[in-house]
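Dear colleague,

Please find below the structure for your records. I would be grateful if you would read the notes after it alongside the coordinates.

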Amino acid sequence: MPHPLPNASDFLPGPVLMLGAPGAGKGTQAQLLMAEFGIPQISTGDLLRQHRRDHTSLGLLAEGLMKKGEFVPDDLVNEMVSERLAEPDTEHGYILDGFPRTLNQAEWLDTKLVAYMLPVVAICINVDRDVLLKRITGRRMSTNGCIYNIYTHPPKVDGICDVDGSKLEQRADDTEAVFHERMKAFHQKTSAVIEYYRSHGGRFAEVNGDAPVEDVTHNIRKALLALRHHPDNSE
Ligand code: AP5
């Protein structure tokens, strides 16, 4: 059972980065924290999928790469994030979900945030590979962004979103074959990002993501509180 914690607004240390392998629960947790803190979840995967639906040149390029489980080039993703961070709803903080996922993106973000003097903290969600595979192949999404899972979090009516009754879809990259490619990219490129934040003392925490959703949320909140009071983050 989760334990009560102090008011959330008292312990947000700054912008929060959600790191972790495909299916670790970054989106699920970011959505819960967004609702609790009233700050936006900025998912680079969702932004890229929106570009695909809008048939922009970035969307067309991203489509081919995402289907193969490869990353979209850093400069294009950085520019997309830069535009999103310029929107007024980020003024009181935000949760970055799936960004940065290369060292270049992490360094770019640091350079960008220096101008605003905002500390940024990274939460890494750890889950074993066999659990990740089941989560990815069992995931179903609604057009409004709700996340379900046929094994662990099924909708009340099979294939239908509980919230708006729309038909649930499976992401094109949620196949076993593409999962292995996404894991390869994660190990080759994102592991370095995790080490980057780990080496910065008070900017990093890890949580076990192989637990009920509410327990993972509770542990993320506890980790944020600890980072908020870390000596490196005091003014
Ligand atoms: P993106 O959409 O970000 O995919 P990802 O990083 O692979 O992560 P996922 O969305 O698959 O998983 P998640 O951790 O959010 O898990 P979720 O909460 O949904 O990126 C897609 C692609 O876009 C990339 O491959 C790349 O091509 C491109 N891209 C994106 N960002 C980029 C960047 N910065 N640079 C370059 N390219 C980029 O949960 C998964 C499932 O598990 C769900 O069904 C959920 O219900 C279930 N679940 C979650 N938590 C639990 C739990 N605790 N217990 C049981 N089930 C759970």
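The notes below concern the two domains and the interface between them.

This is a predicted model, in which local features need pLDDT of at least 70, side-chain atom pairs count only at pLDDT 80 or more, and totals for chains, interfaces and linings use all residues. Residues are numbered from 1 along each chain as its sequence is written, and side-chain values use heavy atoms, with hydrogens and water left out.

The protein chain divides into domain 1 (14-127 + 175-233) and domain 2 (128-168), with bounds that come from an automatic or database domain assignment. Their centres, taken over C-alpha atoms, are 21 Å apart.

Contact (heavy atoms within 4.5 Å) involves 18 residues of domain 1 and eleven residues of domain 2. The two domains bury about 1300 Å² between them, 57% of it on carbon and sulfur atoms; buried area is the accessible area (1.4 Å probe) that two parts lose on being put together, summed over both. In domain 1, Gly-23, Val-127 and Phe-179 lose the most area to domain 2, together 40% of what that side buries.

Between the domains there are zero salt bridges (a side-chain nitrogen of Lys or Arg within 4 Å of a carboxyl oxygen of Asp or Glu).

On the side of domain 1 that touches domain 2, the elements giving two or more residues are α1 (26-37) and α7 (176-198), helices being DSSP runs (H or I, at least four residues) numbered, like strands (E, at least two), from the N terminus. The largest share, six residues, comes from α7.

With kind regards
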